[in-house]
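Thanks for coming. I have one structure to go through today, and I will keep to what can be read from the coordinates and from one database record.

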Amino acid sequence: MEQLYQQVILDHSKTRSGEGQLPAPNGQSFQVNPTCGDECTVQVSLDGTRLSGLAWSGRGCSISQASLSLMHEMVEGEELAEAEQLGETFRELIHNRGQDLVPEKMELLEDLTAFTGVGRYSARVKCALLGWMALREALAQARLSTGGSGQAPHTQA
Amino acid sequence: MSSKPTATIASWPRPPRESEVQPVLTDLLDLASDFPILSRKVRDGKPLVYLDTGATSQKPRQVLDAEREFNELHNAAVHRGAHQIAEEATEAFEAARSAVARFVGADVGEIVWTKNATEALNLIANGFLNASLGRGGSSASRYKLGPEDEIVVTELEHHANLVPWQELAAKTGARLRWIPVTGEGRLDLQQLEVINERTRVVAFTHASNVTGAITDVATILDRAQSVGAYTVLDACQSAAHLPVDFHQLGIDFAVFSGHKMLGPTGVGALYGRRELLEALPPFLTGGSMVEVVTMEETTFMPPPQRFEAGTQMVAQTVGMRAAVDYLGAVGMGRVAAHEDHLAGILLEGLTQVPGVRLLGPTSSEQRLAVFAFDVPGVHPHDVGQVLDDQGIAVRVGHHCAQPVHRSFGVHASTRASAGVYTTTADVEAFIDGLHKVVKFFA
């Protein structure tokens, strides 16, 4: 169990970095996990090609809340391309059935590697990815509303 | 298990073998060894503790054998074909109907096979809809609904006994109303005035799949009958846990599901009083439910065939028959007493786990061994995950009953539910496991 619920997940599920709302988001997305009724809203604001602001709200299990909290810590202030690359790498990790990715990808993921064990439990995959699905959609919306800076995301969860 | 079945056509369908009838030794039942899956290991070699019977029950070897025996020896389409195995299949299919009818206190012509209870509820609601659209001739006019009419459900319902009525109300203009729940998760019988002279249908559950509360059917029935409303009972949670007799209850329609009562998935049943089924227009139409078909129009068979369009799930009905034979041989009174005993242990154990809040009656009166609960600060998925790690299978989520969760101010819960095969060791393991959950997330 400790392998699934790593300390960084338990901590982030309680401290919840980035919980709140943005005054004037460029994009936002609401996602729901119909099996448990968990939901989240992710808001983003862009400054050129930079993800200048991210805030989230919602309710869910420790996995989903920690994933949102870490997402906020790792992507806010980053270049869009980097945030999206991180998101794709994280999706790859969660779909990897509990196995590590290649070392350079694990390095990129930093604390997100704590979620590696989630991939062993198919019922929890959506918990880990709910916030990242919202991020992807919010970014797509923000690109449209700000005139489409950067490249559109293309991979599927 | 691997021995080759021998053809015993003359004795098909057969009565339960002596070995299938458990001897009475103690008050508590000890049937787990009849259920092969209960001896398997999960999560790195831990014995399976199955407490998710409310979602689906496990099947005894007798049910598995009956289905296999049917498929190996008698498989054919029913009510068509004149060859020997078609006759045998039809005989088995109709004998299953008789056995299930006897088990729930109905006449054989009052049981309609459906693929599950959800379909059975949709069959009733769509029968009303089709009557409201003018189908079914003058005899179906008794089911016509319009904007002046009301449909009553309850806040306790599974979505299957709520959404079809919402749809019916939306399509006919009828008003949907509901009986609220008390803080203890029982139907609030002080608020039965929602059933009034405009009420045409009252649909309610026999026992809640969340709170475990058993409904006072007679009180609701009295009120409904006093205003001339039709009554629909969702017996999914009760049929495998309590003695159920629809004639004695006096209900108009009822539904139940094979897989929740030790039987296969893919089969459920609708009960309807004969004269009511006679007047109800069909829901699904097509082959097997017709008399004369021309290019312009069609006349329909009498019930129950009128409601059984298309090729039927024959092996599953045979499995369901084996399930009710099994339960009948044990005796539903003994089943109820056994589960009552388990409910007592669960109730006491749950109240001793720090912080745990029960979503349901805190007394063991008129309740099933179905316990949904909230662990404040710990999401049900996390509770379920740590229990699962110990080999304990429970349900997490809203259990297809969002409104009753909302009434408790939560979005989801964890639920432990017992069945005829559940042992005291199972429920004790669960209580121990829950203590570990609370410690883990403290």
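I will start with the interface, then take chain A, and finish with chain B. Please keep in mind that this is a predicted model.

First, the interface. On the chain A side, 19 residues are in contact with 15 residues of chain B. The area buried between the two chains is about 1400 Å², and carbon and sulfur atoms give 55% of that area. Which three residues of chain A supply more of the area it buries against chain B than any other three? They are A:Met1, A:Cys36 and A:Tyr121, with 34%.

On the polar side, the count between chain A and chain B is one salt bridge. The partners are A:Arg124 and B:Asp382, and their closest N and O atoms are 3.0 Å apart. There are also eight residue pairs in polar contact between the chains, with both residues at pLDDT 80 or more. As for secondary structure, the elements of chain A that give two or more residues to this side are α1, residues 7-15, and α2, residues 62-75. By residue class, the side of chain A that touches chain B has 10 nonpolar, four polar and five charged residues.

Now chain A itself. An unreviewed UniProt entry annotates residues 5-127 of chain A as "domain: NIF system FeS cluster assembly NifU N-terminal". In the model, that span is 39% helix and 22% strand, and its end C-alpha atoms lie 13 Å apart.

Back to α1 of chain A. Its buried residues are A:Val8, A:Ile9, A:Leu10, A:His12 and A:Ser13. Part of what covers them is α2 of chain A. After α1 comes A:Arg16, and the phi of A:Arg16 is positive, near 55°.

In α2 of chain A, I want to stop at A:His72. Is A:His72 buried or exposed? The relative accessibility of A:His72 is 12%, so it counts as buried. Beyond its neighbours within four places in sequence, A:His72 is in contact with A:Ser17, A:Gly18, A:Leu54 and A:Trp56. For A:Gly18 there is a specific atom to name: the side chain of A:His72 reaches the backbone nitrogen of A:Gly18 at 3.4 Å. A:His72 and A:Ala55 are 17 residues apart in sequence, and their C-alpha atoms are 7.2 Å apart in space.

Next, salt bridges. Side chains of opposite charge can pair when their charged atoms come close. Over all chains, a search of the whole structure finds 26 salt bridges. I will take two from chain A.

A:Arg136 pairs with A:Glu88, with the closest N and O atoms 3.7 Å apart. Why does this pair tie together parts that are 48 residues apart in sequence? Because A:Arg136 lies in helix α5, residues 125-145 of chain A, while A:Glu88 lies in helix α3, residues 80-94 of chain A. A:Arg136 is buried at 16% relative accessibility, whereas A:Glu88 is partly exposed at 22%.

The other pair is A:Arg50 with A:Asp47, at 3.9 Å from N to O. Given a salt-bridge cut-off of 4 Å, this pair is included. A:Arg50 is partly exposed, with a relative accessible area of 30%, and A:Asp47 is partly exposed at 48%.

In chain B, the side chains of B:Glu197 and B:Arg198 meet in a salt bridge at 3.5 Å, N to O. B:Glu197 is exposed, with a relative accessible area of 61%, and B:Arg198 is partly exposed at 36%. Both belong to a network of salt bridges that also links B:Glu150, B:Arg175 and B:Arg177.

Last, some backbone geometry in chain B. The peptide bond from B:Pro303 to B:Pro304 is cis, with omega near 0°. B:Pro304 sits in the loop between β12, residues 298-300, and α8, residues 314-330.

The loop between β16, residues 395-397, and α11, residues 402-407, contains B:His399, and B:Cys400 lies in the loop between β16 and α11 too. B:His399 is not a glycine but has a positive phi of about 55°. B:Cys400, not a glycine either, has a positive phi of about 55°. On accessibility, B:His399 is buried at 1%, whereas B:Cys400 is partly exposed at 27%.

That is what I have; I will take questions now.

Methods:
Residues are numbered from 1 along each chain as its sequence is written. Chains are lettered from A and ligands numbered from 1 in the order in which they are written. This is a predicted model: local features need pLDDT of at least 70, side-chain atom pairs count only at pLDDT 80 or more; totals for chains, interfaces and linings use all residues. Side-chain values use heavy atoms; hydrogens and water are left out. Contact means heavy atoms within 4.5 Å. Buried area is the accessible area (1.4 Å probe) that two parts lose on being put together, summed over both. A polar contact is a pair of N or O atoms within 3.5 Å; within protein, one must be able to donate a hydrogen and the other to accept it, and residues adjacent in sequence count only if both atoms are side-chain atoms. Helices (H or I, at least four residues) and strands (E, at least two) are DSSP runs, numbered from the N terminus. Ala, Val, Leu, Ile, Met, Phe, Trp, Tyr, Cys and Pro count as nonpolar, Asp, Glu, Lys and Arg as charged, and the others, Gly among them, as polar. UniProt positions are given in the numbering used here, feature names are shortened, and annotations may be inferred rather than shown by experiment. Buried means under 20% relative accessible area, exposed over 50%, partly exposed in between (1.4 Å probe, protein chains only).
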